[in-house]
Amino acid sequence: MLENPCYERARELLLSNVSTADTERIPLSECGGRVLAQDLIAQENVPAFDRSPYDGYALRAEDTALASKEHPVTLQILEEIPAGAVPTEEITAGTAAKVLTGAPIPQGADVVVMYEKTEFTDDTVTLFAPLMVGDNIVHAGEDIQKGAVLAKRGTVIDPGLAGTLAAQGVSMPLVYKVPKVAILSTGSELVEANDVPGPGKIRNSNRYMLEAALSRLGCEAVYLGIAVDTVEGISKLLMQGVAECDAVITTGGVSVGDYDLTPAAMEAIGADILLRGVDMKPGMACAYGTKDRKFLCGLSGNPASALTNFYAVALPALKRLTGRREFLPQEINVVLLDGFKKKSPATRFLRGRLDLKDGTVCMELPKDQGNVVLSSTIGCDVMAVVPAGSGPIEAGAVLKGFLI
Ligand code: AMP
Ligand code: MG
């Protein structure tokens, strides 16, 4: 078991202890936002045939070599080819076919001219300038070449990939199953959001905070309920979570007080504790483990601590669980628009909002970065990392950060 590792080491350890969810085939129309579990190799050229991008005329460029305003060239129209039709005639010297957008280019033709650039009747088309071979033809394979790797396993299916799967005839793509992640709120002081807290009680914020975070990640949140601060109460629900879900996230009871019983409950169900505490602020208190190859993530009860640790430490492992191939956050440099007065003996995570001022990646800092101040996390989309041992940070300082 690691004690208080740095957050990078914690991430690595957790990543090596989670595997990806199982796979399933689902209808293409339900696949948006899911994670592809197969490499997508092009089986077909797209488009499959040379086609016209415009309404116009398909002809032989050679026939227009001497065309000019003074000496126009007139060609005989052999047929009209709408999209979806098949040409029946070969274009030979002196002839053309009327083509509509998406129509296959007939044999013999090597250029398309837009109808706006011509004069035409039902039977003839007249050209006033030479055309270049290949102009205005969308060639077979121009979008996708057969054999090309279009997407790797672990890619999130976005609109472009959904459409590309369709273009390849993949109507039931193989995707990772949506991981089920249990949420367990521990704390004898908690009541649900629709209850009126009695004396000494508080509403359970963490449940809803984590449900929202999990849904953004593409996980199904399964709420187990509130456990009072007893080892039996917590371990009973932990066991249920392990039995029913791929991972369990708890909040509360991971510090070192008399009523901090989540790690003891993890041990009581026979879990392997991987680490306790991470050298970071907020979010230092935490306990991670595994049980029956399920991932256990014990976060602080303080909402902002829990959320910071979730983003900084737990998220890569949860992303791997979803099957994503990119699970570590991409680092960016952010310019702080506001200073931060406190010293940072431990690595500190500042939450904030991206501001792309004049094309520079800037970050606006909510004033209160405290570990109980959940409201200041509203709208935050970036975290900046203040290295351990830093003094106060001036506005304008550049810090390493990552998007959340
Ligand atoms: P703990 O981590 O159990 O020591 O809790 C730290 C602080 O977070 C205490 O003030 C708790 O009352 C509070 N807290 C614990 N769980 C929740 C929760 N689910 N929602 C909001 N606050 C909580
Ligand atoms: Mg507690």
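## Helix packing, ligand shell and backbone features

In this predicted model, helices α3 and α6 pack against each other at an angle of about 30°, with their axes 11 Å apart. Because angles under 35 degrees count as roughly parallel, that angle makes α3 roughly parallel to α6. The crossing that α3 and α6 form is right-handed.

Helix α6, which spans residues 303–322, also packs with helix α1, made up of residues 7–15, and here the angle is about 25° while the axes lie 8 Å apart. By that angle, therefore, α1 is likewise roughly parallel to α6, and α1 passes α6 in a right-handed crossing.

The surroundings of ligand 1 comprise 16 residues, of which E189, N204, S205, G253 and G301 come nearest. Sorted by class, this shell holds 10 polar residues, together with 3 nonpolar and 3 charged ones. Polar atom pairs between the ligand and three of the nearest residues are listed below.

| Residue | Atom on the protein side | Atom of ligand 1 | Distance |
|---|---|---|---|
| E189 | N or O atom of the side chain | oxygen | 2.5 Å |
| N204 | polar side-chain atom | nitrogen | 2.8 Å |
| S205 | polar backbone atom | nitrogen | 3.0 Å |

Taken alone, ligand 1 exposes 480 Å², and the protein buries 76% of that area. Which elements give two or more residues to the shell around ligand 1? They are strand β14, at residues 202–203, and helix α3, at residues 205–217. Helix α3 thus appears in two settings, since α3 contributes to the ligand shell and also packs with α6.

The backbone has some further features to note. As a general matter, most residues other than glycine have a negative phi, and most peptide bonds are trans. Against that background, the peptide bond that joins V46 and P47 is cis, with an omega of about -10°, and P47 has its place in the loop between β3 (40–41) and β4 (56–59). A cis peptide bond also runs from K281 to P282, where omega is near -10°, and P282 lies in the loop that connects β17, at residues 272–276, with β18, at residues 286–291.

Beyond strand β18, the loop between β18 and β19 (294–299) contains D292, a residue other than glycine whose phi is nevertheless positive, at near 50°.

Methods. Residues numbered from 1 in each chain as written. Chains lettered and ligands numbered in written order. Predicted model: local features only at pLDDT ≥ 70, side-chain atom pairs only at ≥ 80, totals over all residues. Heavy atoms only, no water. Near = heavy atom within 4 Å. Polar contact = N/O pair within 3.5 Å; in protein donor to acceptor, adjacent residues only side chain to side chain. Areas by Shrake-Rupley, 256 points an atom, 1.4 Å probe, with all protein chains shown as cover. Helix = DSSP H or I, 4+ residues; strand = E, 2+ residues; numbered from the N terminus. Nonpolar A, V, L, I, M, F, W, Y, C, P; charged D, E, K, R; others polar. Axes fitted to C-alpha atoms, helices over the stretch in contact; angles between N-to-C directions. Parallel < 35°, antiparallel > 145°, perpendicular 65-115°, else oblique. Left-handed = near helix turned anticlockwise from the far one by under 90°.
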